[in-house]
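Biologist: Please walk me through the labels on this one. I want the reasoning behind each term.

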Amino acid sequence: MINYIALVVALAVSGVSAYYSILGLTAIFSSAFIAIIVMGVTLELGKLVTASWLYRNWDTCPLLLKSYLTGAVIILMFISSMGIFGFLSKAHIEQTLNINTGSADRVQILEQKIEFEKQSVSDLDKQIQQIRS
């Protein structure tokens, strides 16, 4: 039973990681959206299959093949990390833009209120001048 729970959790973690990695890669390389999705899915599946195969055949696998496949899994892990970094960077940039734009909007609203109040004071001054004359 614990093996099935471990399998479900491992696949869930891998799936979430793959999802954010692929979204991040599409943010970095936005001009090739479909190609990045196809490549990302293929690389993530290849990473899972290769890591599983290495685990099951570690003792019988020749050293050269073991080294190559281990290196390939590590490189695929870096590509996934790069995609996740791209996703998080995009989210950070969008948040920063929203915060800065929000501040600019607030400043603009305050400036409009100040202008409105200046206009009100000017109108009141005119009324006072009319009453005096």
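Modeller: Here are the labels, each set against its rule. Keep in mind that the model is predicted.

Biologist: What makes up the chain, in helices and strands?

Modeller: There are three helices and zero strands. The order from the N terminus is α-α-α.

Biologist: How do you know that the chain is not a compact globule?

Modeller: A compact globule of 133 residues would have a radius of gyration near 14 Å. The chain has 30 Å. Its C-alpha trace spans about 105 × 40 × 20 Å along the principal axes. Buried residues make up 17% of the chain.

Biologist: Why is the pair of Tyr-19 and Tyr-20 called edge-to-face?

Modeller: A ring pair is described by the distance of the centres and the angle of the planes. Rings pair if their centres lie within 6.5 Å, and planes over 60 degrees apart count as edge-to-face. Tyr-19 and Tyr-20 have centres 5.2 Å apart and planes at 70°, so the pair is edge-to-face.

Biologist: What makes the pair of Tyr-20 and Phe-87 tilted?

Modeller: The planes of Tyr-20 and Phe-87 are at 50°, with 4.8 Å centre to centre. Stacked needs under 30 degrees and edge-to-face needs over 60, so the rest are tilted. The pair links distant parts of the chain: Tyr-20 is in helix α1, Phe-87 is in helix α3, and they are 67 residues apart. Ring pairs link Tyr-19, Tyr-20 and Phe-87 into a cluster.

Biologist: Why does Tyr-20 count as partly exposed?

Modeller: Buried means under 20%, exposed over 50%, partly exposed in between. Tyr-20 has 34% relative accessibility, so Tyr-20 is partly exposed. Phe-87 has a relative accessible area of 24%, so Phe-87 is partly exposed as well.

How values were computed. Residues are numbered from 1 along each chain as its sequence is written. This is a predicted model: local features need pLDDT of at least 70, side-chain atom pairs count only at pLDDT 80 or more; totals for chains, interfaces and linings use all residues. Side-chain values use heavy atoms; hydrogens and water are left out. Helices (H or I, at least four residues) and strands (E, at least two) are DSSP runs, numbered from the N terminus. The radius of gyration is taken over C-alpha atoms; the globule rule is 2.2 Å times the number of residues to the power 0.38. Buried means under 20% relative accessible area, exposed over 50%, partly exposed in between (1.4 Å probe, protein chains only). Rings of Phe, Tyr and Trp (its six-membered ring) pair if their centres lie within 6.5 Å; planes under 30 degrees apart count as stacked, over 60 as edge-to-face and the rest as tilted.
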